[in-house]
Amino acid sequence: MNRNKKTKYFIPPQDDPIPLTQSALNEKRAEFARLKKRRAEVMVRLVEAREKGDLSENGAYTAAKFELGDLGRRLRYIRYVLKNAYVPVEFGGNTVEFGVNVTLLNTQTKKENTYILVSQHESDPLNGKLSLESPIGSAIRGKMAGDVVEVETPRGVVEFVINAIG
């Protein structure tokens, strides 16, 4: 077993390891299965549209081709993520790392937000999932509760206090 001391979790021997939470991994697997089923349905529509004759003026055929292309791109992306995905094993600790919940207090607005720290592949700040690769995520990584961090954002420097980790 490889243990990378810097990140404190097992990294599988892959070219581009992608850490995901277990729920995100399950969602990606379900989406992959759903899209494969939808691709089969679109293929049936494509064959039916092709059988109707002149393809140059066949809107159903053109629409099915575009949809098939979109599905193919999304399936390739999800296949790539699933091939390289792993769920990090947490060893505990009191620092900000992947998979932990962290509560941040913006010192200017006095607004407090709680986030779970995830990879860029499942980041969704509006729903409480903050990427470790984001400016805020990279600034708070490795910090402890009570630490104050300054983050360069598009709106200028913002100061945060890490109120809780857990």
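**Figure 1. Lys36, a partly exposed residue of the positive patch.** Lys36 is partly exposed, because its relative accessible area is 41%, a value between the limits of 20% for buried and 50% for exposed. The model shown in this and the following views is a predicted one. Lys36 has its place in helix α1. Together with Arg39, Arg76 and Arg79, Lys36 forms a positive patch on the surface. The elements that each give two or more residues to this positive patch are α1 (22-50) and α2 (59-84).

**Figure 2. The salt bridge between Glu67 and Arg38.** Side chains of opposite charge can pair when their charged atoms come close. The structure holds five salt bridges, and one of them joins Glu67 to Arg38. The closest N and O atoms of Glu67 and Arg38 are 2.9 Å apart. This pair links distant parts of the chain, since Glu67 belongs to helix α2 and Arg38 to helix α1, with their positions 29 residues apart. Arg38 counts as partly exposed, with a relative accessibility of 39%.

**Figure 3. The salt bridge between Arg45 and Glu67.** The side chain of Arg45 meets that of Glu67 in a salt bridge, with an N to O distance of 2.5 Å. Arg45 lies in helix α1 and Glu67 in helix α2, so this pair ties together parts of the chain that are 22 residues apart in sequence. How accessible is Arg45, in relative terms? Its relative accessibility is 38%, and Arg45 therefore counts as partly exposed.

**Figure 4. A salt bridge within helix α2, and a network of shared partners.** Arg73 and Asp70 form a salt bridge through their side chains, at 2.4 Å from N to O. Both residues are in helix α2; because they are three residues apart, about one helical turn separates Arg73 from Asp70. Arg73 has a relative accessible area of 48% and is partly exposed. Asp70, at 47% relative accessibility, also counts as partly exposed. For comparison with this pair, the view also includes Arg38, Arg45 and Glu67, which are joined into one network by salt bridges that share partners. Within that network, Glu67 is paired with Arg38 and with Arg45.

Notes
Residues numbered from 1 in each chain as written. Predicted model: local features only at pLDDT ≥ 70, side-chain atom pairs only at ≥ 80, totals over all residues. Heavy atoms only, no water. Patch = residues over 30% accessible without salt bridge, like charges linked within 9 Å, V, L, I, M, F, W, Y side chains within 5 Å. Areas by Shrake-Rupley, 256 points an atom, 1.4 Å probe, with all protein chains shown as cover. Salt bridge = Lys/Arg side-chain N within 4 Å of Asp/Glu carboxyl O. Lys, Arg positive; Asp, Glu negative; His and termini not counted. Charge placed at Lys NZ, Arg CZ, Asp CG, Glu CD. Helix = DSSP H or I, 4+ residues; strand = E, 2+ residues; numbered from the N terminus. Buried < 20%, exposed > 50% of the residue type's maximum accessible area, 1.4 Å probe, protein only.
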